[in-house]
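Here is a short set of exercises to work through with the model open in your viewer. Try each task before you read its solution.

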Amino acid sequence: MFVAGLVLAAGSSRRLGRPKQLLPYRGATLLDAALAAARRCAFDQLLVTVGGNAADVREQADLSGCTVVDSVHHTEGCSSSIVSALDQVDPRADALVLLLGDQPGVDPRTVDRVAAVDAPIAVCRYDDGVGHPFRFARGVFPELAVLHGDKAVWKVIESGRVPVTELPVDGPVPPDVDTWEDYEQLVGDAHG
């Protein structure tokens with residue numbers, strides 16, 4: 001099975017007030033940490049979207065080994081990044097796995113487990129709820145191609161139109177960064 005990974009990192013960080021992709025984290029940046037985890041996964045292709053702060057991200061983050069996709073409509077929500085990236089997904093890809101560029105704590109073993117699920121959609125069911133990574137089989141790409149707005153991928157998952165398989169994962173959903181409090185908690189956890 002050929003699996004592509006997509007790290008969503010095109011956000012403008014409006015709630016945070018500065019590029020969260022470039023926040024310091026474990027001696028690098030938040031995006032570097034997320035991409036390092038993604039590189040440890042068994043992906044046949046790795047894509048990353050950039051949009052908000054794209055020039056700084058390209059200059060300061062380690063994007064090596066990634067197909068970099070410009071999300072020109074990134075202000076319209078993360079769905080625009082998915083739509084932009086679909087054109088760059090290798091035609092041999094059987095599935096696409098979504099990861100968040102501000103969620104460095106996702107375990108590559110969990111990613112590989114969800115990537116191997118042979119289902120139209122596979123999601124992780126953590127102890128406290130559903131969370132990334134999400135896996136979409138090629139047959140679901142047409143649904144992804146027409147997404148609009150933020151959280152639109154959740155609407156596909158919750159719509160009931162496409163069967164969803166939940167992969168049990170021990171522990172809580174890995175935190176992502178939307179606010180300063182989220183970032184401070186993540187950094188505190190990394191040092192604790």
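**Exercise 1. Describe the second largest pocket of this predicted model by volume, lining and residue class.**

Solution.

Step 1. Start with the volume: the second largest pocket has about 170 Å³.

Step 2. Next, find the residues around it. Twelve residues line this pocket, and those nearest its centre are Tyr 25, Arg 26, Pro 104, Gly 105 and Leu 186.

Step 3. Now assign the lining to elements. At least two residues each come from strand S3 (28–29), H1 and H7. With three residues, H7 gives the most.

Step 4. Finish with the classes: the lining of the second largest pocket holds seven nonpolar, two polar and three charged residues.

**Exercise 2. Find the largest cavity and say which elements supply its lining.**

Solution.

Step 1. Rolling a probe the size of a water molecule over the atoms shows where empty space is left.

Step 2. Counting cavities of 30 Å³ or more gives one. The largest cavity has about 80 Å³ of space.

Step 3. Thirteen is the number to look for in the lining: of these 13 residues, Ala 34, Ala 37, Leu 99, Gln 103 and Val 106 are the closest to the centre.

Step 4. Helix H1 (30–39), strand S6 (95–100) and helix H4 (108–115) each give two or more residues to the lining of the largest cavity. H1 has the largest share, with three residues.

Step 5. Sorted by class, the lining of the largest cavity has eleven nonpolar residues, one polar and one charged.

**Exercise 3. Which residues are linked with Lys 20 in a network of salt bridges?**

Solution.

Step 1. Side chains of opposite charge can pair when their charged atoms come close. In this model the count comes to eight salt bridges.

Step 2. Take the contact with Asp 102: its closest N and O atoms with Lys 20 are 2.7 Å apart. Asp 102 sits in the loop between S6 and H4, while Lys 20 sits in the loop between strand S1 (3–8) and strand S2 (24–25), so 82 residues separate the distant parts that this pair links. 

Step 3. Check the burial of this pair: Asp 102 and Lys 20 are both buried.

Step 4. Now look at Asp 178, whose side chain meets that of Lys 20 in a salt bridge at 3.2 Å, N to O. Asp 178 lies in the loop between strand S9 (164–168) and helix H7 (180–191) and Lys 20 in the loop between S1 and S2, so the pair ties together parts that are 158 residues apart in sequence. Asp 178 and Lys 20 are both buried.

Step 5. Put the contacts together: Lys 20, Asp 102 and Asp 178 are linked in a network of salt bridges.

**Exercise 4. In the salt bridge between Asp 90 and Arg 92, decide for each residue whether it is buried or exposed.**

Solution.

Step 1. The closest N and O atoms of Asp 90 and Arg 92 are 2.8 Å apart.

Step 2. The cut-offs are under 20% relative accessible area for buried and over 50% for exposed.

Step 3. Asp 90 has 17% relative accessibility and therefore counts as buried. Arg 92, with a relative accessible area of 55%, is exposed.

**Exercise 5. Classify the two aromatic pairs of the structure.**

Solution.

Step 1. A pair of aromatic rings is described by the distance of the centres and the angle of the planes. Planes over 60 degrees apart count as edge-to-face.

Step 2. The structure holds two aromatic pairs. For Phe 134 and Trp 154, the ring centres are 5.0 Å apart and the planes stand at 85°, so this pair is edge-to-face.

Step 3. Place that pair in the chain: Phe 134 is in strand S8 (residues 129–137) and Trp 154 in helix H6 (residues 152–158), so parts 20 residues apart in sequence are tied together. Phe 134 is buried, at a relative accessible area of 0%.

Step 4. The rings of Trp 180 and Tyr 183 have centres 5.6 Å apart and planes at 70°, so this pair too is edge-to-face. Both residues lie in helix H7, three residues apart, about one turn of the helix.

Step 5. Compare accessibility: Trp 180 counts as partly exposed at 32%, whereas Tyr 183 counts as buried at 11%.

**Exercise 6. How many residues of S1 are buried, and which strands pair with S1?**

Solution.

Step 1. Six of the six residues of S1 are buried, so S1 is largely enclosed by the rest of the structure.

Step 2. Sort the side chains by direction: Val 3, Gly 5 and Val 7 point one way, Ala 4, Leu 6 and Leu 8 the other way, and all are buried.

Step 3. S1 pairs with S6 in the parallel sense over six bridges. Within S6, Leu 96 is the bridge partner of Ala 4.

Step 4. S1 also runs parallel to strand S4 (residues 45–50), joined by five bridges. There, Val 7 stands opposite Val 48.

Conventions. Residues numbered from 1 in each chain as written. Heavy atoms only, no water. 1 Å grid on protein atoms, 1.4 Å probe; cavity = no way out; pocket = protein on both sides within 12 Å on 5 of 7 lines; lining within 4 Å. Points joined across faces, edges and corners; volume = space filled by probe spheres on them. Helix = DSSP H or I, 4+ residues; strand = E, 2+ residues; numbered from the N terminus. Nonpolar A, V, L, I, M, F, W, Y, C, P; charged D, E, K, R; others polar. Salt bridge = Lys/Arg side-chain N within 4 Å of Asp/Glu carboxyl O. Buried < 20%, exposed > 50% of the residue type's maximum accessible area, 1.4 Å probe, protein only. Phe/Tyr/Trp six-rings, centres within 6.5 Å; stacked < 30°, edge-to-face > 60°. Pairing = 2+ DSSP bridges.
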